[in-house]
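Student: I should like to take a close look at a single part of this protein and follow its aromatic side chains into their surroundings. Please give one connected account.

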Amino acid sequence: MVGGVIDTLPRRHFVAASAALALPGCAATTPRIAPVALACLPRVNVSADRVIRTVAGLRPYRAQGFVVRAEALGDKRLVHNYGHGGAGITLSWGTARLAADLGLPGHSGAVAVIGSGVMGLSTARLVQEAGFPVTIYTAALPPDTTSNIAGGEWSPYGHFERDAVTPEWRVQYRAARDYSWRRFQIMVGEDYGVRWLPVHAEGAPRAASPYRPGEQALAPGDHPFPVERVNRFETMFIETGRYLRQLIRDVQMAGGAVRIRKLADRAELATLPETLIFNCTGLGSRAMLGDMDLRPARGQLAVLAPQPDVRYAFTGNAGYMFPRPDGIILGGTFELDQWSTAPVEADIARILASHRALFGGFHCPA
Ligand SMILES: Cc1cc2nc3c(=O)[nH]c(=O)nc-3n(C[C@H](O)[C@H](O)[C@H](O)COP(=O)(O)OP(=O)(O)OC[C@H]3O[C@@H](n4cnc5c(N)ncnc54)[C@H](O)[C@@H]3O)c2cc1C
């Protein structure tokens with residue numbers, strides 16, 4: 001383990017796909033399988049002098065799961081969409097869809113969205129797609145959001161405790177996961193920085209899931225990793241910096257306005273001119289709403305210089321490795337109630353050491 005609880009294992013999943021939410025005007029694309037040889041893969045070159053940056057971000061974690069619900073705020077409607085833990089990129093389109101569907105029916109006029117992380121931007125886009133003008137009010141813009149720090153694997157991980165969620169929440173979760181899965185597929189490409197990659201996940205064979213297409217348990221001779229058991233499947237990876245830049249452009253191209261403003265509480269929200277408000281403030285909702293169930297789960301990353309030949313990801317006891325055009329992301333930690341966003345030298349050193357051992361132990365034919 002690396003500096004706390006590794007945030008990729010064990011993976012929680014539910015086999016049954018939910019009733020699908022409507023995804024207008026699209027058909028799912030077929031995963032493009034990256035051309036990698038199974039037995040031998042290019043090694044990631046892990047050394048301290050290849051680190052281009054280190055970073056720590058605070059996941060907005062709730063054991064009870066994300067909050068998507070509507071409440072009355074005087075004569076206004078306030079719809080919440082926050083608390084996605086380690087799965088906010090993954091679930092973004094899905095919970096934005098749920099939130100929009102709660103808020104928009106019967107509404108007329110302009111709409112406010114609070115926050116410009118992945119939740120605020122996705123929610124704003126869906127509101128615009130439904131034909132409403134949007135103003136985003138936000139304390140900070142990308143790149144200064146948690147969403148920019150995310151590693152970017154499409155993987156609904158680390159966002160609830162099994163025993164703390166309700167059956168009603170699970171219904172929301174399944175619907176959100178399914179919509180997001182299909183929405184990201186139509187964004188694959190250079191413009192949004194979304195691509196399919198094979199993941200090698202350390203662990204025992206698992207039940208099939210529609211969200212891990214092509215999954216197979218690899219025999220020891222079929223992979224180079226110095227670990228006992230590996231499953232290989234495909235998923236999408238999101239280059240978060242590029243993705244969020246493009247989403248902001250999309251919002252602005254559709255006529256959206258962006259105002260830098262920090263909202264203190266419900267009383268201040270009630271002073272906004274819009275009568276429909278979407279709260280997408282991530283961890284900011286703790287102070288703004290007094291939701292003490294919302295806690296930081298810090299994640300620390302070491303980013304290495306890009307290695308374009310590496311076109312596979314790894315998750316396991318060593319941590320995780322996500323190759324992106326802007327760098328090789330090595331994670332990671334999942335540290336509850338740690339508020340500091342300063343990377344801890346000893347934790348970063350452990351992340352580097354575990355990955356150096358992993359890739360140094362590759363057994364490829366010469
Ligand atoms: C190290 C790390 C790795 C991760 N890896 C992944 C991954 O691989 N896959 C994945 O799906 N997820 C991952 N995540 C989780 C993901 O980053 C979060 O779940 C997601 O970014 C939350 O998005 P958000 O829009 O709710 O919050 P944020 O990105 O924090 O955005 C909140 C916005 O609200 C604004 N705001 C806050 N308070 C106020 C206020 N009072 N008034 C006005 N504006 C306010 C902020 O300025 C910001 O613009 C990772 C997170 C970390 C830290």
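Student: Is Phe-66 buried or exposed?

Tutor: The model is a predicted one. In it, Phe-66 counts as buried, because its relative accessibility is 3%.

The ring of this residue belongs to an aromatic pair, one of 18 such pairs counted in the model. Phe-66 and Trp-169 form a tilted pair, with 5.0 Å from centre to centre and 50° between the planes. The two partners come from distant parts of the chain, 103 residues apart: Phe-66 lies in the loop between strand E1 (51-61) and strand E2 (67-73), whereas Trp-169 lies in helix H4 (residues 167-185). Trp-169 is likewise buried, because its relative accessible area is 5%, and buried means under 20%.

Trp-169 also pairs with Tyr-173: the ring centres are 5.2 Å apart and the planes meet at 15°, so this pair is stacked. The two residues are four places apart in helix H4, which means that about one helical turn separates them. An α-helix has 3.6 residues a turn, so residues three or four places apart point the same way. Tyr-173 counts as buried too, because its relative accessibility is 1%.

These residues fit the character of the helix that carries them. Of the 19 residues of H4, 14 are buried, and the helix is mostly covered. From its first C-alpha to its last, H4 reaches 28 Å, close to the 27 Å expected at 1.5 Å a residue.

Another contact with an aromatic ring involves a charged side chain. Arg-183 lies over the face of Trp-93, at 4.1 Å from the ring centre. Trp-93 in turn is among the residues with the most contacts inside the largest nonpolar core, which has 48 residues; Leu-104, Phe-184, Val-194, Tyr-243 and Phe-278 are also listed there. In soluble globular proteins, nonpolar side chains tend to be buried together.

Phe-278 shows how this core is joined. Leaving aside its neighbours within four places in sequence, its contacts include Val-79, Ala-99, Ala-100, Leu-104, Val-111, Val-113, Ile-114 and Val-127. Phe-278 lies in strand E10 (residues 276-279), both faces of which are covered: Leu-276 and Phe-278 are buried on one side, and Ile-277 and Asn-279 are buried on the other. In a regular strand the side chains alternate between the two faces of the sheet.

Strand E10 has parallel partners. Four bridges join strand E3 (residues 76-82) to E10, and Val-79 stands opposite Phe-278. Four bridges also join strand E4 (residues 111-114) to E10, where Ile-114 stands opposite Asn-279. Val-79 and Ile-114 are thus found both in these strand pairings and among the contacts of Phe-278.

Apart from this core lies another, of 22 residues, among them Val-46, Leu-218, Leu-330 and Phe-362. Phe-362 also belongs to a cluster that ring pairs link together, along with Phe-225, Tyr-312, Phe-314 and Phe-359.

For contrast with the buried residues above, consider Ala-267 in helix H6 (residues 266-269). Ala-267 counts as exposed, because its relative accessibility is 55%. Its C-alpha atom is separated by 9.7 Å from that of Gly-74, although the two residues are 193 residues apart along the chain.

How values were computed: Residues are numbered from 1 along each chain as its sequence is written. This is a predicted model: local features need pLDDT of at least 70, side-chain atom pairs count only at pLDDT 80 or more; totals for chains, interfaces and linings use all residues. Side-chain values use heavy atoms; hydrogens and water are left out. Rings of Phe, Tyr and Trp (its six-membered ring) pair if their centres lie within 6.5 Å; planes under 30 degrees apart count as stacked, over 60 as edge-to-face and the rest as tilted. Buried means under 20% relative accessible area, exposed over 50%, partly exposed in between (1.4 Å probe, protein chains only). A charge sits over a ring if NZ of Lys or CZ of Arg is within 6 Å of the ring centre and within 35 degrees of the ring normal. A nonpolar core is a set of buried Ala, Val, Leu, Ile, Met, Phe, Trp, Tyr and Cys residues joined through side-chain atoms within 4.5 Å. Contact means heavy atoms within 4.5 Å. The expected span of a helix is 1.5 Å times one less than its number of residues. Two strands pair if DSSP finds at least two bridges between them.
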